[in-house]
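Subject: Structure for your review

Dear colleague,

Please find below the structure that I am handing over to you. My findings are set out after it, and I would be grateful if you would read them alongside the coordinates.

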Amino acid sequence: MSDEPQLRTMLAKAVELLRGATDLTMDEVIGLRALPESVRTPEVCYSLGVIEGAAAAARATPRELLEDHDLLTAAKRT
């Protein structure tokens, strides 16, 4: 049994929270060494940790992991 659906769900929730908390793109968020103080909440820090931890476990960069799960760019609004 694959853990892939659970991983994607977990990553999608983290990305959704990060997109809602900042005006930055995911590329900008994962590329920053430190988030601005104004958006550094426990939820934001946790979400970043989820992405970075999953990437480390997959031996990938956060950018590669989000690209692989089609989460790097936001869906186009219609």
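The remarks below move from the overall fold to individual residues.

Please note that this is a predicted model.

Overall fold

The protein contains four helices and zero strands, so ordered from the N terminus that its elements read α-α-α-α. Its C-alpha atoms occupy a box of roughly 40 × 35 × 20 Å along the principal axes. The radius of gyration is 12 Å, which agrees with the value near 12 Å that a compact globule of 78 residues would have. Among contacts with a separation of 6 or more, 62% are made by residues 24 or more positions apart.

Surface and charge

Of the 78 residues, 28% count as buried. The accessible surface amounts to about 5700 Å², and carbon and sulfur atoms account for 52% of that area. The protein carries 9 positive and 13 negative charges, and the mean positions of these two groups lie 2 Å apart.

The nonpolar core

In soluble globular proteins, nonpolar side chains tend to be buried together. The largest nonpolar core here has 19 residues, and the members that touch the most others are L11, V15, L18, M26, L35, I51 and L66. Two or more residues come from each of α1, α2 (26-31), α3 and α4. Helix α3 makes the greatest contribution, with six residues.

Two of these core members deserve a closer description. Apart from neighbours within four places in sequence, L11 is in contact with I51, A54, L65, H69 and L71. L18 belongs to helix α1 (residues 4-21). Is L18 buried or exposed? Its relative accessibility is 0%, and L18 therefore counts as buried, the cut-off being under 20%. With residues up to four places away in sequence left aside, L18 touches M26, V29, V44, S47, L48 and I51.

The pairing of L18 with S47

One of those partners, S47, is a residue of helix α3. L18 and S47 are 29 residues apart along the chain, yet their C-alpha atoms are separated by 7.0 Å. S47 has a relative accessible area of 4%, and it is buried because this value falls under 20%. Beyond residues up to four places away in sequence, S47 touches A14, L17 and L18.

Backbone points to check

Most residues other than glycine have a negative phi. Two residues in this model are worth your attention in that respect. R59 is not a glycine, but its phi is positive, at about 55 degrees. Where is R59 found? It sits in the loop between α3 (42-57) and α4 (62-68). The relative accessible area of R59 is 81%, which means that R59 is exposed, as the threshold is over 50%.

D70 is likewise a residue other than glycine with a positive phi, here near 55 degrees. D70 lies in the segment after α4. With 64% relative accessibility, D70 counts as exposed.

In summary, the protein has four helices, its largest nonpolar core draws the most residues from α3, and positive phi values occur at R59 and D70.

Yours sincerely,

A colleague

Terms used:
Residues numbered from 1 in each chain as written. Predicted model: local features only at pLDDT ≥ 70, side-chain atom pairs only at ≥ 80, totals over all residues. Heavy atoms only, no water. Buried < 20%, exposed > 50% of the residue type's maximum accessible area, 1.4 Å probe, protein only. Contact = heavy atoms within 4.5 Å. Core = buried A, V, L, I, M, F, W, Y, C linked by side-chain atoms within 4.5 Å. Rg over C-alpha atoms; globule rule 2.2 N^0.38 Å. Areas by Shrake-Rupley, 256 points an atom, 1.4 Å probe, with all protein chains shown as cover. Lys, Arg positive; Asp, Glu negative; His and termini not counted. Charge placed at Lys NZ, Arg CZ, Asp CG, Glu CD.
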